[in-house]
Amino acid sequence: MDEISPVRQWRVPAGLPAAKLAGAVLLIALGLLFADGDPVRLAVAVLAAAALAGWAVRDLVAPVRLAVDPAGLTVIQGFAGRRLLPWSAVEAIAVDRRPRLGLTSETLEIDAGDSLHLFGRYDLGATPEEVAAELRAARPDQAG
């Protein structure tokens, strides 16, 4: 951890919201192209595009998913809210690895007793293992 700056943030990669918005536009275009006059097909495409666009808006409104400072961790809560988890509330910091479809996915898990916060690579802009190591190093009591 950088000793000069006690605050470190992890955020959604800059290009991800643009990719999601492009995907939403593509879904609408495909819906229009393949609807063949069927309003249900078009409605499904528009609904999927709206969900993807909403996800992109969240990335633009609240790009920082996780931050650490001497007081504890600040995590995203809800659509774009923030919640401070004091170090005393953080019970464990772990990385869960699961094989899926021939690939291994990693998820950063922050157990705060009454809540569990999960972050993937695209939430953090870094690997969950790297972030977990930095969080453990930043923890005042070095536990976790």
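**Exercise 1. Turn residues with positive phi**

Is Leu-101 buried or exposed, and what is its relative accessible area?

*Solution.* Start with the ground rules. This is a predicted model, in which local features need pLDDT of at least 70, side-chain atom pairs count only at pLDDT 80 or more, and totals for chains, interfaces and linings use all residues. Residues are numbered from 1 along each chain as its sequence is written, and side-chain values use heavy atoms, with hydrogens and water left out.

Step 1. Apply the classes: buried means under 20% relative accessible area, exposed over 50%, and partly exposed in between (1.4 Å probe, protein chains only). Leu-101 has a relative accessible area of 84%, so the residue is exposed.

Step 2. Locate the residue. Leu-101 sits in the loop between β5 and β6. Helices (H or I, at least four residues) and strands (E, at least two) are DSSP runs, numbered from the N terminus.

Step 3. Check the backbone. Phi of Leu-101 is near 55 degrees, a positive value in a residue other than glycine. Most residues other than glycine have a negative phi.

Step 4. Repeat for Asp-36. Its phi is near 50 degrees, again positive in a residue other than glycine. Asp-36 belongs to the loop between α1 and α2. At 67% relative accessible area, Asp-36 is exposed.

**Exercise 2. Two hairpins**

Find the strand partners of β6 and describe each turn.

*Solution.* Step 1. Use the pairing rule: two strands pair if DSSP finds at least two bridges between them.

Step 2. Take β5 and β6. They pair in the antiparallel sense over nine bridges. Arg-98 has Ser-105 in β6 as bridge partner. Ala-94 stands opposite Glu-109 in β6. The two strands form a hairpin with two residues between them.

Step 3. Take β6 and β7 (residues 116–119). Their pairing is antiparallel too, over four bridges. Ile-110 faces His-117 in β7 as the residue opposite. This hairpin has four residues between its strands, and Gly-113 in the turn has a positive phi of about 75 degrees.

**Exercise 3. The nonpolar core**

Which residues of the largest nonpolar core touch the most other members?

*Solution.* Step 1. Define the set: a nonpolar core is a set of buried Ala, Val, Leu, Ile, Met, Phe, Trp, Tyr and Cys residues joined through side-chain atoms within 4.5 Å.

Step 2. Rank the members. Of the 22 residues in the largest core, Leu-66, Leu-73, Leu-108, Ile-110 and Leu-135 touch the most others.

Step 3. Map them to elements. Two or more residues each come from β2 (64–69), β3 (72–77), β5 (92–100), β6 (103–111) and α4 (128–138). The largest share, four residues, comes from α4.

Step 4. Expand Leu-66. Contact means heavy atoms within 4.5 Å. Not counting residues up to four places away in sequence, the contacts of Leu-66 include Trp-10, Val-75, Phe-119, Leu-124 and Val-131.

**Exercise 4. Salt bridges**

How many salt bridges does the structure hold? Examine three of them.

*Solution.* Step 1. Set the criterion: a side-chain nitrogen of Lys or Arg within 4 Å of a carboxyl oxygen of Asp or Glu. The structure holds ten such bridges.

Step 2. Take Glu-134 and Arg-8. Their closest N and O atoms are 3.2 Å apart. Glu-134 lies in helix α4 and Arg-8 in strand β1 (residues 8–11), so the pair ties together parts 126 residues apart in sequence. Glu-134 is partly exposed at 21% relative accessibility. Arg-8 is partly exposed at 31%.

Step 3. Take Arg-97 and Glu-129. Their side chains meet at 2.2 Å, N to O. Arg-97 in strand β5 and Glu-129 in helix α4 are 32 residues apart, so this pair also links distant parts of the chain. Arg-97 is partly exposed, with a relative accessible area of 44%. Glu-129 is partly exposed at 32%.

Step 4. Look for shared partners. Salt bridges join Lys-20, Asp-59, Arg-65 and Asp-123 into one network.

Step 5. Take Arg-41 and Asp-38. Their closest N and O atoms are 3.7 Å apart. Arg-41 is partly exposed at 46% relative accessibility, and Asp-38 at 28%.

**Exercise 5. A nonpolar surface patch**

Which residues make the nonpolar surface patch of about 450 Å²?

*Solution.* Step 1. Fix the rule. Patches are made of residues with over 30% relative accessible area and no salt bridge; like charges are joined within 9 Å, nonpolar side chains (Val, Leu, Ile, Met, Phe, Trp, Tyr) within 5 Å. Areas come from the Shrake-Rupley method with a 1.4 Å probe, and for residues only the protein chains shown count as cover.

Step 2. List the members: Leu-21, Val-57, Leu-60, Val-61 and Phe-79.

Step 3. Assign elements. Helix α2 (residues 39–61) gives the most, with three residues. Leu-21 lies in helix α1 (residues 15–34).

Step 4. Check Leu-21. At 34% relative accessibility, Leu-21 counts as partly exposed.
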